[in-house]
Amino acid sequence: MWWTDGSRSDDGRVGAAAVCKHRDVWRSRRSYLGTKQMEVFDAELWAIGLVLEETIEKREILQRNGVKMVAVFSDSQAAMRRAARQEPGPGQRLA
């Protein structure tokens with residue numbers, strides 16, 4: 001299970017993060033995405049992408065350990081819907 005979030009501060013700094021807990025160890029992936037270059041929606045998509053990258057990189061280990069599904073929890077329903085589609089529109093490049 002992974003939890004994701006994307007944020008934009010009042011001064012325009014944007015970041016994304018994903019965390020998971022495996023046994024008693026927390027793991028995280030995070031990215032600073034620049035200043036005034038992206039919106040929160042983009043950062044939310046980026047955070048989901050961090051999980052997908054990690055899952056692809058670790059797929060053989062996950063499969064060996066019987067993992068068949070990875071759950072992603074996000075506070076952005078719009079980003080989750082966007083990540084599941086490839087139609088033209090906002091966030092298309094990131095999706």
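Here are some notes on this predicted model, point by point.

1. **Overall layout.** The chain holds three helices and four strands. Following the sequence from start to end, they come in the order β-β-β-α-α-β-α. The C-alpha atoms fit a box of roughly 40 × 30 × 20 Å along the principal axes. Of the 95 residues, 27% count as buried. Among the contacts with a separation of 6 or more, 51% join residues 24 or more positions apart.

2. **The core.** Which residues make up the largest nonpolar core? There are 11 in all: Trp2, Val14, Ala16, Ala18, Cys20, Leu33, Met38, Ala43, Ala47, Leu50 and Val51. Two elements give two or more residues each to this core, namely strand E2 (13-22) and helix H1 (40-57).

3. **Ala16, a core residue with many partners.** Ala16 belongs to the core just described. Setting aside neighbours within four places in sequence, Ala16 contacts Asp5, Gly6, Arg29, Arg30, Ser31, Leu33, Ala43, Trp46, Ala47 and Leu50. Leu33, Ala43, Ala47 and Leu50 from that list are also members of the core.

4. **Leu50, seen from the helix side.** Leu50 sits in helix H1. Its relative accessibility is 5%, under the 20% cut-off, so Leu50 counts as buried. Beyond residues up to four places away in sequence, Leu50 touches Ala16, Ala17, Ala18, Arg29, Arg30 and Ser31. Arg29, Arg30 and Ser31 also appear among the contacts of Ala16. Looking further along the chain, Leu50 and Ala83 are 33 residues apart, and their C-alpha atoms are separated by 12 Å.

5. **The largest pocket.** This pocket holds about 480 Å³ of space. Its lining has 16 residues, and those nearest the centre are Trp2, Cys20, His22, Leu62 and Val67. Trp2 and Cys20 were already met as core residues. Which elements supply at least two residues each to the lining? They are E2, H1 and helix H2 (59-64), with E2 giving the most, three residues. By character, the lining divides into eight nonpolar, three polar and five charged residues.

6. **Aromatic pairs.** A search of the whole structure turns up two aromatic pairs. In one of them, Trp3 and Trp26 are tilted, at 6.1 Å centre to centre with 50 degrees between the planes. This pair links distant parts of the chain, with Trp3 in strand E1 (residues 2-8) and Trp26 in strand E3 (residues 25-35), 23 residues apart. Why is the pair of Trp3 and Phe73 called stacked? Their ring centres are 5.8 Å apart and their planes lie at 20 degrees, which is under the 30 degrees needed, so the pair counts as stacked. Here too distant parts of the chain are linked: Trp3 is in strand E1 and Phe73 in strand E4 (residues 72-74), 70 residues apart.

7. **How open the aromatic cluster is.** Trp3, Trp26 and Phe73 form one aromatic cluster. Are its members buried or exposed? Trp3 is partly exposed, at 35% relative accessibility, and Phe73 is also partly exposed, with a relative accessible area of 39%. Trp26 has 54% relative accessibility, over the 50% cut-off, and therefore counts as exposed.

8. **Two backbone angles worth a look.** Most residues other than glycine have a negative phi. Arg23, which is not a glycine, has a positive phi of about 55 degrees. Arg23 lies in the loop between E2 and E3 and is exposed, with a relative accessible area of 69%. Lys36 likewise has a positive phi of about 55 degrees without being a glycine. The place of Lys36 is the loop between E3 and H1, and Lys36 is exposed as well, with a relative accessible area of 62%.

9. **Ala78, in the last helix of the pattern.** Ala78 lies in helix H3 (residues 77-83). At 35% relative accessibility, Ala78 is partly exposed. How far is Ala78 from Arg30, C-alpha to C-alpha? The distance in space is 20 Å, for a sequence separation of 48 residues. Arg30 itself is one of the residues touched by Leu50.

Terms used. Residues are numbered from 1 along each chain as its sequence is written. This is a predicted model: local features need pLDDT of at least 70, side-chain atom pairs count only at pLDDT 80 or more; totals for chains, interfaces and linings use all residues. Side-chain values use heavy atoms; hydrogens and water are left out. A nonpolar core is a set of buried Ala, Val, Leu, Ile, Met, Phe, Trp, Tyr and Cys residues joined through side-chain atoms within 4.5 Å. Buried means under 20% relative accessible area, exposed over 50%, partly exposed in between (1.4 Å probe, protein chains only). Contact means heavy atoms within 4.5 Å. On a 1 Å grid over the protein atoms alone, a cavity is a set of points where a 1.4 Å probe fits but cannot get out, and a pocket is an open set with protein on both sides within 12 Å along at least five of seven lines; lining residues have an atom within 4 Å of a point. Grid points are joined across faces, edges and corners, and a volume is the space filled by probe spheres set on the points. Ala, Val, Leu, Ile, Met, Phe, Trp, Tyr, Cys and Pro count as nonpolar, Asp, Glu, Lys and Arg as charged, and the others, Gly among them, as polar. Rings of Phe, Tyr and Trp (its six-membered ring) pair if their centres lie within 6.5 Å; planes under 30 degrees apart count as stacked, over 60 as edge-to-face and the rest as tilted.
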